[in-house]
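Notebook open, coffee poured. I want to look at how one helix packs and where the nonpolar cores sit.

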Amino acid sequence: MRRTSGWIGWALCLCASLTVSAQDYPEDDQMILDLIREDGTQPETRAEPAAEYLRCNKAAWRMPGQYLVTLHQGAHDSHVQRTIRRLRAKAARRGYQLEILKTYSGALHGFLVKMSSDVLHLAVKLPHVHYIEEDSSIFAQSAPWNLQRLLQPHGGTSENGTYWPPNDGGKAEVYLMDGSVQASHREVEGRVLITDVNNIPEEDGVRVHRQVTPADEILALQQCLYLSLLPDSKTFSPSPLQASQCDSHGTHIAGVVSGSDSGVARGAGVNLVRVLNCQGKGTVSGALTGLEYIRATLLASPVDAAVVVLLPFIGGFSRSLNAACRDMVANGAVVIAAAGNYRDDACRYSPASEPEVITVGAVNSADQLMSQGAGGTNFGRCVDLFAPGDDIVSASSDCSTCFTSRSGTSQAAAHVAGLAAVILSSSQSASPVQVLQMMLHYSTANTINFLSLSDTHRLVTPNLVAAMPPANSTNAELLCRSVWSERSGVAGTDKAVSRCRLGEEMMSCGSYAPDGVHAGETITVNSGRMECVAYNGPGGKGVFAVARCCVIGGLRCQVHASPDPGQDAKCVDPQHHLTGCTSWSTPELLSGSRSHHGDQRRCLVKDGVTSHAVCCHAQSLECHLLENISSDKAQVEVSCPSGWTLTDCSAVSLGSTILGPAARGNSCHVRSATGADGAAGIAVCCRVRPPEQPATAPH
């Protein structure tokens, strides 16, 4: 665990009390006795009312055991010293010790004292004392980089630069499957419930965390000594190192989710389901037990709050673990997982590889892929988006007021869990896939440099960094995303399949061949759900299937095939709109299938080509075609305007080989072979027309 040297000043401020070295104030024993006798035999002759006692109105910022004693206006240094002596005497007579940390003789006359709260009733009755104020923390007024990053795209920061989300996530409950959490930490105190689940393996002597150094031991002992001087402090483990190791990861993650100063959703409740031991290690079977507990709890006692399940761990690919996560989503929970810290394809790990889970990679403060020595964030098509995960300051388990900096995709996933809690608190009826679509829609696009990735991973990894939706966001907008399959094999009969998530409708299906050799794509229906199937061509090097998956209330889509090869596919129901066309044939015939620009209800094809028309209906849905033709450029782009959503991206060759159309955000990108004759990019743009607004076409 690495300590931070500062978090724009405030982390140091919170931990400042830990760095104050104990000071000895030797007093002559006889002088103490004389003062005690004086206190006992000569009561104060001046009848003054008791001084006022003040405390910070922010409970989490208070520093119990440390007090500012301020004297009346007109007091002198001699009054300060006399008051200190009297307070020492009264405290010593009753068996208390105190420590004077500083005296003030400028704007105020008084002193800073560390003492038990039991001495307060003596201090407020001393002559010359005007008021006593409990010390408290102050903070530089700018949000840390990770919280700023969440708010910046949509102007969520307040005027003074502090963190100010649309709501505090208080209508959501987060189930955190992790190790222990120090529930007494001020960041999360009162918001963490420790459940009865404790399914963890025995420690095996292999450390997952950094080895404890002699410096760590000295620091822990110093902290323990300091805490022992505070009679008002909470009860701490007599073995601070062991407690720190057991609680460190879970405490930090809980702080990122809902910490009062470092959290994303500061009103969300956190329910700890312990599945990791003190080394941060668990088992698939233990994780299944934890998920079973959450499922049974929700079925037995349904909660009014929306449910988020946070899985800040990674294991090898497990069909069982993925199936359990899929079941949680089917029961209405938003499940969020860390992508992993192995600088590898996230699809090789669980639960990150489960399509129904929201899988989160990590970026640093420059919106670049997080790197940790030889490791770093995982990537690939199984990652849904990235979030801050490098040098994240949050609660430390070293003490109830400590903070520390950590990095990893666990921290990134915790940010997205907090983000989900905020979204669900604004729209409690939102389904898990609607939450994902809103996250993707409001994310910051195309800021990550993917040059370190392979060509394949650069193609399929989403270039999206999580951001907080604006306060006025709703789920009444048509939202779409592209779902890439894994790359097919290279045999001429090999194919790739892409599917939408539960609750999404497939509004189009396409294929992408990096070398331009493919036989096109078709749509099949399996168990009532559409599947986008792409076919590799003879001599091809593999193909991707790309489904365009969308959500909006009441959206329903159908697929209609060409009656025979060479015949147009068309929408039958007049209330349905053509939102996408597929084409399948031999590679040399493939390039001519496209949506008709006239009545917009059919897919025109060449002889020998088979097409599928995707036809969709929703209340007030309207769709139009946009195209961009270039005869001299290898790349063509056509974008849907603001308020419209891209549902299909296709291309027409002008005599060249099309490497593939690809939907990126709300734009259709078409690439043709270098030096070729160019191509036309075709975009289908749809929207749900706002009430009382006339039908219009995008421009």
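Below are my entries, helix first and cores after.

This is a predicted model, so I kept local features only at pLDDT of at least 70 and side-chain atom pairs only at pLDDT 80 or more, while totals for chains, interfaces and linings use all residues. Residues are numbered from 1 along each chain as its sequence is written, and side-chain values use heavy atoms, with hydrogens and water left out.

**Helix 9**

I took helices (H or I, at least four residues) and strands (E, at least two) as DSSP runs numbered from the N terminus. Helix 9 covers residues 319–330, and its end C-alpha atoms are 16 Å apart, which agrees with the 16 Å expected for 12 residues at 1.5 Å a residue. That expected span is 1.5 Å times one less than the number of residues.

I listed its buried residues as L321, N322, A324, C325, M328 and V329. Buried means under 20% relative accessible area and exposed over 50%, with partly exposed in between (1.4 Å probe, protein chains only). Down the axis of helix 9 the buried ones fall within an arc of 160°, so they line one face; the arc is that of the directions from the helix axis to the C-beta atoms. R319 and A330 are exposed on the face turned away.

**Cores**

A nonpolar core is a set of buried Ala, Val, Leu, Ile, Met, Phe, Trp, Tyr and Cys residues joined through side-chain atoms within 4.5 Å. The largest has 57 residues, and L310 and I336 are among those with the most contacts inside it. Helix 10 (residues 409–426) gives the most to this core, 11 residues. Apart from it I found another core of 32 residues, including M506 and C557.
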